[in-house]
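Me: Please take one part of this structure and look at it closely with me, in a single connected answer. I am in my first year, so go step by step and keep to what can be read from the model itself.

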Amino acid sequence: MRPNEQYRPDDSAPRRMRLALAVGAAILAVALSAASGAEARPARDQAQREHQHRPRAGQAQRHAPQAAARPQRGMASYYAPRFSTRRTAAGGRFDPNSDTAAHRTLPLGTVARVTNLANGRSAVVTIRDRGPHARGRIVDVSPRVAEDLRMRDAGVTRVILQPIAVPATGSRRRG
């Protein structure tokens, strides 16, 4: 307000009140109409569900393997001895003599074949952990698998990682 102006009450406050009430009534009407349509739908869907049985998500297909993912090429390394007996992402303890491997994105429990491109040797691993945390690497393998691949002396080698069996989403293997 300017210094020489007088305050004159206007009727904008009641207008805003009426507008707010109208908007609220409209929202309520839309919500009620959506709710009444939603009540009719479940009965129809229930009748359809009785005629065709579908297992609930993660129930019957939990352990059925999905189609294998695409192969990946990249660098592999192996776990350092200090990781022995630490917990893996799957919940079990890391055993250096196991077939455990770490991958960033493959589901835990995935079985994959790792092939050393330098000598052609391969080993089957199970993804039980997340990693590797070093840039440019696609998989970390246990020291036993590294020995099978003959990569312990090199430390890092080029490999192909071919998933063989990918567990259904939501399943977790322990160990």
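Reply: A good place to start is a single pair: A102 has D129 as its bridge partner in strand β4. This is a predicted model, and β4 is the part that I will follow, moving from its partners to its surroundings.

The residue A102 brings us to strand β2, which covers residues 100-102 and pairs with β4 in the parallel sense over three bridges. Strand β3 is also a partner of β4, but here the sense is antiparallel, and the pairing extends over five bridges. Within that antiparallel pairing, V114 stands opposite A123 in β4. The two strands β3 and β4 form a hairpin with five residues between them, and in this hairpin G120 takes a positive phi near 80 degrees.

With partners on record for β4, what can be said about how enclosed the strand is? Six of its eight residues are buried, so β4 is largely enclosed by the rest of the structure. When you look at the strand residue by residue, it helps to keep a general point in mind: in a regular strand the side chains alternate between the two faces of the sheet.

One residue of β4 deserves a longer look, namely R128. Where do R128 and its salt-bridge partner lie along the chain? The partner is D99, and the closest N and O atoms of the D99 and R128 pair are 2.8 Å apart. This pair links distant parts of the chain, since D99 sits in the loop between β1 and β2 while R128 sits in strand β4, 29 residues apart. As a general matter, side chains of opposite charge can pair when their charged atoms come close. Is R128 buried or exposed? Its relative accessibility is 18%, and because buried means under 20% relative accessible area, R128 counts as buried.

The count of salt bridges comes to two, and D148 with R144 gives a useful contrast to the pair in β4. The closest N and O atoms of D148 and R144 are 3.3 Å apart, and both residues lie in helix α2, four residues apart, which is about one turn of the helix. Here D148 is partly exposed, with a relative accessible area of 29%, and R144 is partly exposed as well, at 33%.

From β4 we can also step through β2 to another strand, β5. Strands β2 and β5 pair in the antiparallel sense over two bridges, and A102, the residue with which we began, has D140 as its bridge partner in β5. Strand β5 is joined to β1 by four bridges, and those two strands run parallel; in this pairing A76 stands opposite V139 in β5. Like β4, strand β5 is mostly covered, with four of its five residues buried.

Both β4 and β5 also contribute to the interior. The largest nonpolar core has 19 residues, and V125, V139, V141 and L161 are those with the most contacts inside it. At least two residues of this core come from each of β3, β4, β5, α2 and β6. Around V141, leaving aside neighbours within four places in sequence, the contacts include V125, Y79, A101, A146 and M151.

L161 leads to one further connection across the chain. P71 is found in the loop between α1 and β1, and its C-alpha atom is separated by 5.5 Å from that of L161, although the two residues are 90 residues apart along the chain. Not counting residues up to four places away in sequence, P71 touches I160, L161, Q162 and P163.

Finally, it is worth placing β4 within the whole. The protein chain has two helices and six strands, and read along the sequence they follow the pattern α-β-β-β-β-β-α-β. Of its 175 residues, 29% count as buried. Among the contacts with a separation of 6 or more, 76% come from residues 24 or more positions apart, and the D99 and R128 pair, whose members are 29 residues apart, is one link between distant parts of the chain. For β4 itself, then, the picture is of a strand paired in the parallel sense with β2 and in the antiparallel sense with β3.

Notes:
Residues numbered from 1 in each chain as written. Predicted model: local features only at pLDDT ≥ 70, side-chain atom pairs only at ≥ 80, totals over all residues. Heavy atoms only, no water. Core = buried A, V, L, I, M, F, W, Y, C linked by side-chain atoms within 4.5 Å. Buried < 20%, exposed > 50% of the residue type's maximum accessible area, 1.4 Å probe, protein only. Contact = heavy atoms within 4.5 Å. Pairing = 2+ DSSP bridges. Salt bridge = Lys/Arg side-chain N within 4 Å of Asp/Glu carboxyl O.
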